[in-house]
Amino acid sequence: MARAAALASSLEAVLGSRSNANRVFEILELLAGREEEEEEEEDVLCAARTCSRLFGALLERRELFVGQLPAEEASLAGNYSAEDKYKIWMRHRYNDCVGCLAELMGHGAFQVKESSLCTLMKFVELEARYPLIKVEWKGSLTFPCELLKVVVDGLLPLNEDASLLISRFQEYMEYDDVRYFVIKAVTENIGQVMQKTKERPLPFYQQNVFSLISPINMPNKECDMVKFMVKQDNWEELKVSKLQAHKQAFERMWLSFLKHKLPTGLYKKVLVILHDSILPYMNEPTLMIDFLTVAYGIGGAISLLALNGLFILIHQHNLEYPDFYKKLYSLLDPSIYHVKYRARFFHLADLFLSSSHLPAYLVAAFIKRLSRLALTAPPEALLMVIPFICNLFRRHPACRVLVHRPNGPEGMSEDPYIMEEEKPSESRALESSLWEIQSLQNHYHPDVAKAAAILNQSLSEMEDDISGLLELSAYELFDEEVKKKAIDVPLEFEQVRGLFGKKNDIFAEHFTLD
């Protein structure tokens, strides 16, 4: 309480008379903090609140120097008026305060970080209304970009997780101009930081960048851009009011972030949001091909997720991707029936294999590999992949030879199909038969056996709708079985009427007690 009273006294004195200006050091000294004090955290919070009121009032009263700030010592010795000397001196104290708050964004206590962030953003808002930048000509931009960059740099530490502080900052991103200048500041920050690492991943830093930029909601139309922190004349003539400029900045930011090697977990996070939150807002989505090619080559779930972005570029932007089907074929391994992205992969694979112009050997290779992998797949995956394979037969009748081959191989040892072959054209799939699906007709799960038996009949021309089966889980399958009503199964052809049949009934009639 004593400390708060002392700070309140200093604040009142500085704002009350310029002769007490030196008492600002009492506030700034406490803001810098002294770790050895037990109550250091509460003191710093109190000092931050005091600085917020002090410099907020000075900005509103226009008592800080406006324009290119002269060096402090030179200004005192120069030909400046007493008024200007005071404003220059106080502007330097304001810069000291901003520097302290920037350091406190890396403090150990979250309350201190949050207070520093909110105070700095209050200064951003006040500088936007009362610019410290001298307007050289009508309509020139007066947004405090440098101050906002200080905030962005504080949100992106190298060696700690700042996601909680970043989530607190998201409310400010609702302003179109703040979002625009944050995007530009992040791009600059990435360039400065990653240049020093020599392509070495920085897990904490890169995760912080992703946490800051991934929730960005870009406007769809220029008329949607109506919320600005700074309002000034000729606003419509400035870049910050143009959707095209926002898209260009957004594109540069993501490209600068994704051109560096990412930790494995981040590849997945980026690819999950790529098709919805990134590609639609880029001026040239095809610039993402380098990132997608690298991700597609990593393998496993990352390659599966990269398919979504490649699909958009191939189908919507006429991208040519050599050996695409060879790469897609190589993604078929036992994990595809188990990964949580299974539904997305099979949805895209269904689209890629829908063209009737695909050669029979290619489709046959996909059918054979999917069938071979099905031998170890869980029931919920089998109930999806069997109709998937049936649809491929409907689209490509030339592949039905795999089903209608009476003298074909009956097991793996006799099968000419080469599972290990990377090239579908050399896998000899068309010489084989689907003994794998025939073996699934004896599966322990009756629904799987029933689904596999459909290949014993003539397939209908209409394709099966597999959309409802893509997300089928083991829990749903089990729950469905539990809910089934039990059916009474007769154990004999004739109902038993007693131990000795009819005689037993006659015997009982003679000895019935009245």
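A residue counts as buried when its relative accessible area is under 20%, as exposed when it is over 50%, and as partly exposed in between (1.4 Å probe, protein chains only). By this scale, 49% of the 514 residues of the chain are buried. The model is predicted, so local features need pLDDT of at least 70 and side-chain atom pairs count only at pLDDT 80 or more, whereas totals for chains, interfaces and linings use all residues. Residues are numbered from 1 along each chain as its sequence is written, and side-chain values use heavy atoms, with hydrogens and water left out.

**Overall content**

The chain has 22 helices and zero strands. Helices (H or I, at least four residues) and strands (E, at least two) are DSSP runs, numbered from the N terminus. A contact means heavy atoms within 4.5 Å. Among the contacts in the chain with a separation of 6 or more, 72% join residues 24 or more positions apart. The chain exposes about 27200 Å², of which carbon and sulfur atoms supply 52%; accessible areas come from the Shrake-Rupley method with a 1.4 Å probe, and for residues only the protein chains shown count as cover.

**The N-terminal helices**

Helix 2 spans residues 24-32, and V24, I27, L28, L30 and L31 in this helix are buried. They lie on the same side of helix 2, because they cover an arc of only 160° around the axis. The arc is that of the directions from the helix axis to the C-beta atoms. An α-helix has 3.6 residues a turn, so residues three or four places apart point the same way. The buried residues of helix 2 pack against helix 1 (2-16), helix 3 and helix 5 (82-104).

Helix 1 and helix 3 also pack together, at an angle of about 15° and with their axes 10 Å apart. Axes are lines fitted to C-alpha atoms, for helices over the stretch in contact, and angles run from 0 to 180 degrees between N-to-C directions. The two helices are therefore roughly parallel to each other, a term for angles under 35 degrees. Their crossing is right-handed, meaning that the near helix is turned clockwise from the far one by less than a right angle. On the helix 1 side, R3, A4, L7, L11, V14 and L15 take part; they meet D43, C46, A47, T50, R53, L54, A57 and L58 in helix 3.

**Two buried side chains**

R93 lies in helix 5 and is buried, at 5% relative accessibility. Not counting residues up to four places away in sequence, R93 touches V24, F25, L28, F55 and E72. Two of these, V24 and L28, are among the buried residues of helix 2.

F210 belongs to helix 10 (residues 203-213) and is buried, with a relative accessible area of 7%. Leaving aside neighbours within four places in sequence, F210 is in contact with P215, W254, F257, L266, K269, V270 and I273. F210 and F257 are 47 residues apart in sequence and 8.6 Å apart in space, C-alpha to C-alpha.

**Positive phi in loops**

Most residues other than glycine have a negative phi. The table gives two arginines with a positive value.

| Residue | Phi | Loop | Relative accessibility |
|---|---|---|---|
| R62 | near 60° | between helix 3 (40-60) and helix 4 (72-77) | 33%, partly exposed |
| R428 | near 60° | between helix 18 (379-395) and helix 19 (435-439) | 40%, partly exposed |

Terms used:
Angles under 35 degrees count as roughly parallel, over 145 as roughly antiparallel, 65 to 115 as roughly perpendicular and the rest as oblique.
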